[in-house]
Amino acid sequence: MGQRQWWRGLAGSAAVRRFVRALPALLITGGLCFDIATPPTVTAVPLFVAAPLVAAPFFSLASTVRTGIAAVLAVLAMRVHAGTLTQVVPIIETATVVTASVLALVINGVIRRNNEQLASARVIAETAMRAVLPEPASRIGGLHVAARYEAAQADEFVGGDLFAVADTPYGVRLVVGDVRGKGLGAVEAVAVVIGAFREAAEQERSLEGVAQRLERALAREGARRGGLDATEGFVTAVLAEIPAGGSEVRLVNRGHPEPLMLHADGALDVLRPRVPALPIGMDLGVWPDRADTWEMPAGSTLLLFTDGLSEARDRAGIFYDPAARLRGRIFPGPEELLSALTDDVRLHTGGRSTDDLALLAVGRPGRGQPERRRTVPIVGRDGS
């Protein structure tokens, strides 16, 4: 993975792109100079053969044709100048360059067709992801909402990160999660979790009940698929509930990175669960879910994210620490928070993220200048 990341970064640099664009011309020019400067027994034909083959994967069809013609004409010009055009070896050399030019055209056509198929697959995959994870409205239940999904690689269009927001009779309910695995199988599991959440969020009176509905839905899906997914399929997730008109948030954390609470004055708190819990679908026993209740004062923002953020690494292998990077910073709203966060993690990794990233930020509108309040768990409001 590291070698592939290094090569993509190298190929994507402007200097390398300019060099590749100039390389066929440099090969032909170098071949001509080499042929003039060396004895007749030394040939520069390999350089002329390489020129169209180098152009094929990177140039358009017309440019590849021009490169092939230029290589053939260069060989002919050298042999005419030397007066050896009708000899057997020069004829074989010319035929070799012509064959390489034709092969380059074939390679160029194959690559162009593959690129067209890849572009079509990208459109289909992105459409599927938008259907499964529609972007929430910017204002839901009186709260400001922003969400982001970023794939780790340009050629990986589908993944297992998920988020959803629902305005329910019990308040605004949210989920952010990460399904084991990637690809179409992960998207299917995402669709199951999101569908179960939207239904349960409207029907279940408690957040714990929503979590149990997701557990049962994932178990049914695993049993339906059979095989590995039936025994090892799981989802890490955080479920949140923000009652209408209240100043608190309730969280159920199932093995997921802890959310952050950002205050209007720059203070920040990590919302760690009092009792750690296993991911949804990890059938190693039955434990009742216990929601933690936290204060969410006016002007504060709740940030939920997947491990694509907390496990992003720089070149030295150092993990990105969202709490340390965000503490003391003030943002006008959730959208600005996510924009700054994605830019910062991209800077930290140098654009080499190896995992998908899902972010969900929910802000409670402020009322004037908020006082500095630390977020602490409210014990006892969930019946414990």
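Visitor: Which residue follows α4, and what is its phi?

Guide: Gly83 follows α4. Its phi is positive, near 75°. Bear in mind that this is a predicted model.

Visitor: How many residues does helix α4 have, and what should they span?

Guide: Count 1.5 Å a residue. Helix α4 covers residues 61–82, which is 22 residues, so the expected span is 32 Å. The C-alpha atoms at its ends are 32 Å apart, in agreement with that value.

Visitor: Which residues of α4 are buried?

Guide: Buried means under 20% relative accessible area. In α4 the list runs Ser63, Thr64, Thr67, Gly68, Ala71, Val72, Ala74, Val75, Met78 and Arg79.

Visitor: Thr94 next. Is Thr94 buried or exposed?

Guide: Thr94 has 13% relative accessibility, so it counts as buried. This residue sits in helix α5. Leaving out residues up to four places away in sequence, Thr94 touches Val75 and Leu76. Val75 is also one of the buried residues of α4.

Visitor: Which residues form the nonpolar patch on the surface?

Guide: Look for nonpolar side chains that keep over 30% relative accessible area. Here the patch consists of Leu53, Val98, Val102, Leu103, Val106, Ile107 and Val110. Together they have about 500 Å² of accessible area. Helix α5, residues 88–132, gives the most, with six residues.

Visitor: Why is Val110 called partly exposed?

Guide: Partly exposed lies between the 20% and 50% cut-offs. Val110 has a relative accessible area of 35%, so it falls in that class. Val110 belongs to helix α5.

Visitor: Now the interior. How many residues has the largest nonpolar core?

Guide: A core is a set of buried nonpolar residues joined through side-chain atoms. The largest one here has 49 residues. Those with the most contacts inside it are Leu162, Leu174, Phe197, Leu239, Val249, Leu302 and Leu360. Helix α6, residues 183–203, gives the most to this core, with eight residues. Another core lies apart from it, with 19 residues, including Leu309, Leu341, Val345 and Leu359.

Visitor: What does Leu162 touch?

Guide: Skip residues up to four places away in sequence. Leu162 then touches Leu133, Val175, Val176, Gly177, Val179, Val190, Val193, Ile194, Val235 and Ala358.

Visitor: And the whole protein: how many helices and strands are there?

Guide: There are 11 helices and 11 strands. Of the 384 residues, 44% are buried. Take contacts between residues at least 6 apart in sequence: 72% of them join residues at least 24 apart. The protein exposes about 19300 Å², and carbon and sulfur atoms supply 60% of that.

Methods
Residues numbered from 1 in each chain as written. Predicted model: local features only at pLDDT ≥ 70, side-chain atom pairs only at ≥ 80, totals over all residues. Heavy atoms only, no water. Helix = DSSP H or I, 4+ residues; strand = E, 2+ residues; numbered from the N terminus. Expected span 1.5 Å × (residues − 1). Buried < 20%, exposed > 50% of the residue type's maximum accessible area, 1.4 Å probe, protein only. Patch = residues over 30% accessible without salt bridge, like charges linked within 9 Å, V, L, I, M, F, W, Y side chains within 5 Å. Areas by Shrake-Rupley, 256 points an atom, 1.4 Å probe, with all protein chains shown as cover. Salt bridge = Lys/Arg side-chain N within 4 Å of Asp/Glu carboxyl O. Contact = heavy atoms within 4.5 Å. Core = buried A, V, L, I, M, F, W, Y, C linked by side-chain atoms within 4.5 Å.
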